[in-house]
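Here's a quick tour for anyone meeting this protein for the first time. Have a look at the sequence and the fold, then read on.

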Amino acid sequence: MKNIEKLVRPNIWALKPYSSARDEFVVDDEGNEQPLVFLDANENPLGSVGSNGANNRYPDPYQRKLKEALSTLKNVAPENIFLGNGSDEAIDLLFRIFCTPGQDRVLVTPPTYGMYQVSADINHVAVDKVILNEDFTLPVAQLLDTIGQQAYKLLILCNPNNPTGNAIASTAEFEQILQTFEGVVVVDEAYIDFADFASMTALIDRYPNLVVLQTFSKAWGLANLRLGMAFASPLVIDLLNKVKPPYNLNGITQELGLQAVQNVAQKNTFVANIRAQRDWLYTQLPLFDFIEKVFPSQTNFILFRTQQPNKLYQYLVQHQVIVRNRSTQPLCEGCLRVSVGTEAENKRFIELLASS
């Protein structure tokens with residue numbers, strides 16, 4: 001059994017969080033809010049300026065209704081769910097909970113999502129790196145050797161990986177890492193809805209040092225809301241709730257998130273459409289002799305290697321098509337990353353490649 005308590009910064013463990021009277025949010029046995037007279041938070045009782053809705057009251061600080069709906073959808077208990085202002089908030093909070101600035105170290109596996117490094121820099125935490133294999137898979141033996149030589153607090157793994165698009169390891173390999181690593185393993189599953197393998201949320205009851213991140217920004221089409229999810233043991237979730245701002249998710253985000261969870265069929269339709277368009281792009285990209293390689297993807301984007309990435313990138317920008325230049329990342333020399341768009345957007349992209 002991993003001792004998560006010993007990994008927590010002592011000042012965070014001793015922290016007395018900000019207490020809001022709204023923490024005593026009252027619901028009846030059927031989950032309905034009871035009529036209350038709110039005289040605790042110095043709100044404007046008269047309404048909201050310039051708004052058709054009533055936005056003058058603070059939202060539920062623990063997003064109970066949305067968590068209950070997610071619990072059913074994800075088959076995860078509400079006490080195992082944290083909701084944040086995008087997954088980036090959960091990433092930042094994990095640094096603040098477990099990593100003492102200027103003292104602790106974390107481990108990442110480039111090429112990977114750049115916010116891990118940014119969050120580490122903001123929190124003054126050193127980052128060590130184990131580069132992925134040439135095929136963008138995880139060098140498990142090297143990783144296990146590395147974590148055996150240094151007391152890392154966090155190991156952050158993106159699966160499916162951004163910017164490469166692939167699954168970096170099997171579930172068995174992830175479990176081997178979880179059993180060996182004495183710190184917290186953060187698995188970022190922002191693109192899991194597009195993948196043909198299962199989420200690791202099913203493992204959180206087995207491994208108290210596992211945190212799984214997901215998001216509403218991709219498959220759910222709610223990037224504008226900034227709504228992220230973290231799934232972990234109740235102890236880790238309690239720590240995230242302890243450190244987060246009191247009202248980190250506004251009420252509109254909670255309402256629209258709840259509506260989304262109640263319309264899973266539409267999300268599934270979106271995913272099927274995007275996967276079909278991704279398949280079409282795979283038939284088109286190899287037709288161009290200046291594209292040297294198209295990498296497999298379990299996401300809603302495709303990484304490809306081209307002979308003159310900077311020139312092609314600028315050409316696309318000049319024609320109002322924006323992709324991502326990843327050619328400066330480890331193992332990604334010459335690579336651009338294109339998101340799967342609508343049918344019309346994808347055709348426009350291919351037409352521009354043909355005329356470049």
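Which residue is the bridge partner of L213 in β7? Keep that in mind while we look at the sheet; this is a predicted model, by the way.

## The sheet

Let's start with the strands. There are 7 of them in an open sheet, and reading across you meet β1, β7, β6, β5, β4, β2 and β3 in that order. The pairing is mixed. At the edges sit β1 (81-85) and β3 (126-129), each of which pairs on one side only. Going from one strand to the next, the twist averages 25 degrees.

Now zoom in on β6 (residues 210-215) and β7 (residues 227-231). These two strands run antiparallel, and 4 bridges join them. Back to the opening question: the partner of L213 is A230 in β7.

## Two crossing helices

Next up are helix α10 (residues 309-318) and helix α11 (residues 343-355). Their axes come within 11 Å and cross at roughly 125 degrees. An angle between 115 and 145 degrees counts as oblique, so α10 and α11 are oblique to each other. As for its handedness, the crossing of α10 and α11 is right-handed.

## A pocket to explore

Finally, find the second largest pocket, which holds about 360 Å³ of space. Its lining is made of 18 residues, and those nearest the pocket's centre are D88, Y113, N162, Y191 and K218.

What kinds of residues make up the lining of this second largest pocket? The lining is a mix: 7 residues are charged, 6 are polar and 5 are nonpolar.

Technical notes:
Residues are numbered from 1 along each chain as its sequence is written. This is a predicted model: local features need pLDDT of at least 70, side-chain atom pairs count only at pLDDT 80 or more; totals for chains, interfaces and linings use all residues. Side-chain values use heavy atoms; hydrogens and water are left out. On a 1 Å grid over the protein atoms alone, a cavity is a set of points where a 1.4 Å probe fits but cannot get out, and a pocket is an open set with protein on both sides within 12 Å along at least five of seven lines; lining residues have an atom within 4 Å of a point. Grid points are joined across faces, edges and corners, and a volume is the space filled by probe spheres set on the points. Ala, Val, Leu, Ile, Met, Phe, Trp, Tyr, Cys and Pro count as nonpolar, Asp, Glu, Lys and Arg as charged, and the others, Gly among them, as polar. Two strands pair if DSSP finds at least two bridges between them. Axes are lines fitted to C-alpha atoms, for helices over the stretch in contact, and angles run from 0 to 180 degrees between N-to-C directions. Angles under 35 degrees count as roughly parallel, over 145 as roughly antiparallel, 65 to 115 as roughly perpendicular and the rest as oblique. A crossing is left-handed if the near helix is turned anticlockwise from the far one by less than a right angle, and right-handed if clockwise.
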